[in-house]
Amino acid sequence: MQRVIQRTASARRQALKRTTKAHERQELLDRVGIRRARKDFGAVLSTQFQEARKNRWEDWEKGPLAPMRDSGLSRTTYGGQDASILHPPRLPKHEQRRHVLFAEGDRVCVIRGRDEGKINVIQQVNRDSETVLIKDINMADVIIPVWAKDRLGHAGDTQAQPFPVSFDDIRHVIPLEDTETGQLQDVIVQHAYAAGPYTERSEHSKLPRFTRYVSGLDIEIPWPMEEEPVINDGDMDTTRMAVEVSTFTPSLEQPPMPSTVIDELRNKYSRFRTRHDPEYLREKMREDYRNEYRKTVSMMTPKTDAKNMWIAQVAERKKANFDAEGNGILNPAAISFINKHIRSQRKKQPKTKDSKSKQAA
């Protein structure tokens, strides 16, 4: 049983390592993709700015002799923008805002850019790049590729499209009652924040669960109204009445599904399984007991008997070399060798004056 537990723990550790490595690899790929997308987007904008600056300088320097750029092949696309700048790159996760305070249907005012001061409704919110598309705001002609003309059924070479506007360039516009006149008037909210209460949303809703307020006044900014989608049942769809009818009554005496289905859901042979059948646990316990018994009891064969006798004799011989206190006992040959060595060392020592005086006395 201990092996099963160790195998499960080892499998969990290995799976955690693989998951961590895959997560780190995906984060690295995301960072590389974001960096490449931002580089390409900046290169497109830089190319357009350089071409525009070059054309403006050429027009000013040549005057009446400046080339007519709205003729020839560029006659129908003159002044159009590349469609690639319609999709700004997404920001890294650590740079994205925690709460997005804008939603489709909000009335906002542009505070920066060529359309400064204009008010209109948000058509689309891009949370990854923190930009919005506002109706009839920041409009420009987009060059339609040849392959897209047939798909869109558009005859011209350009089409007017709203370009993305950053969250930092817009502010909420809400109606507030004037304290002096008592009439409602549009007010531009300079700062807003998100807080509770957190409301439950339906499945089709795209609105966040938090509530937004005007900073300083703590006035709630209502979310735009959403229309509930109309769902029509088809010929092959199950009716709602048939789905909502309760056909199963739970009971403690009978499981909600067959045991085979439960084993299939739990993956009976998975390495990560921690709950096992009683029969499996009893078998593993018996296996552990058998292994422990084999370690304590050896098989009695002539070979094992001879081996055990030899081990016992060696142990007796080792035990005879020690006394009752555990000190080693020297044999006569070792004692005679030590005495002989001591006598030879004494003969080699030089005689001193003290030894000569002792001999004279």
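Which residue stands opposite isoleucine 122 in β3? Hold that thought for a moment, everyone, and thanks for coming. One caution before we start: what you have on the screen is a predicted model.

So, to the question. The residue facing isoleucine 122 is isoleucine 134, in strand β3. The strands involved are β2 and β3, where β3 covers residues 131-134, and four bridges hold this antiparallel pair together. Please look at the connection as well: β2 and β3 make a hairpin with four residues between them. In that turn you will find glutamate 130, whose phi is positive, at about 55°.

Now let's go to the other neighbour of β2. Strand β1, residues 107-110, runs antiparallel to β2, residues 119-126, and three bridges join the two. Here, cysteine 109 has isoleucine 119 of β2 opposite.

Let's widen the view to the whole sheet. It is open and has six strands, and reading across you get β6-β3-β2-β1-β7-β8, with antiparallel pairing. At the edges sit β6, which is 165-166, and β8, each of them pairing on one side only. As a reminder for the newcomers, strands in a sheet pair through backbone hydrogen bonds, and they may do so in a parallel or an antiparallel way.

There is another open sheet to show you, this time of three strands. Its order is β9-β10-β11, and again the pairing is antiparallel. Here β9, 192-195, and β11, 220-221, are the edge strands with a single partner each, so one side of each has no neighbour in the sheet. Between β9 and β10, the latter being residues 211-214, there are four bridges in the antiparallel sense. One nice detail for the tyrosine fans: tyrosine 193 has tyrosine 213 in β10 as its bridge partner.

On to charges. How many salt bridges does the count come to? The count is 17, and I have picked three to walk through.

My opening pick is arginine 69 with aspartate 59, where the closest N and O atoms are 2.7 Å apart. This pair links distant parts of the chain, ten residues apart: arginine 69 belongs to the loop between α1 and β1, while aspartate 59 is in helix α1. Is arginine 69 buried or exposed? Arginine 69 is buried, because its relative accessible area is 18% and the cut-off for buried is under 20%. Its partner, aspartate 59, counts as partly exposed at 32% relative accessibility.

Next comes a salt bridge between the side chains of arginine 107 and aspartate 186, at 3.3 Å from N to O. This one also links distant parts of the chain: arginine 107 is in strand β1 and aspartate 186 in strand β8, residues 184-189, with 79 residues separating them. Arginine 107 is partly exposed at 34% relative accessible area, and aspartate 186 is partly exposed too, at 47%.

My last pick is arginine 209 with glutamate 200, whose closest N and O atoms lie 3.6 Å apart. Arginine 209 is partly exposed, with a relative accessible area of 39%, whereas glutamate 200 counts as exposed at 69%. And back in the neighbourhood of my opening pick, Glu58, Asp59, Lys62 and Arg69 are joined into one network by salt bridges that share partners.

Let me finish with the surface. Which residues gather in a patch of positive charge? They are Arg13, Lys17, Lys21 and Arg25. If you want to find this patch, start from lysine 17, which is in helix α1, residues 2-62. Lysine 17 counts as exposed, because its relative accessibility is 57% and exposed means over 50%.

There is a nonpolar patch on the surface as well, of about 470 Å². Leu330, Ile335, Phe337, Ile338 and Ile342 make it. Isoleucine 338 comes from helix α7, residues 332-348, and is partly exposed, with 37% relative accessible area.

That's my tour. Thank you all, and I'm happy to go back to any view.

Technical notes. Residues numbered from 1 in each chain as written. Predicted model: local features only at pLDDT ≥ 70, side-chain atom pairs only at ≥ 80, totals over all residues. Heavy atoms only, no water. Patch = residues over 30% accessible without salt bridge, like charges linked within 9 Å, V, L, I, M, F, W, Y side chains within 5 Å. Areas by Shrake-Rupley, 256 points an atom, 1.4 Å probe, with all protein chains shown as cover. Salt bridge = Lys/Arg side-chain N within 4 Å of Asp/Glu carboxyl O. Lys, Arg positive; Asp, Glu negative; His and termini not counted. Charge placed at Lys NZ, Arg CZ, Asp CG, Glu CD. Buried < 20%, exposed > 50% of the residue type's maximum accessible area, 1.4 Å probe, protein only. Pairing = 2+ DSSP bridges.
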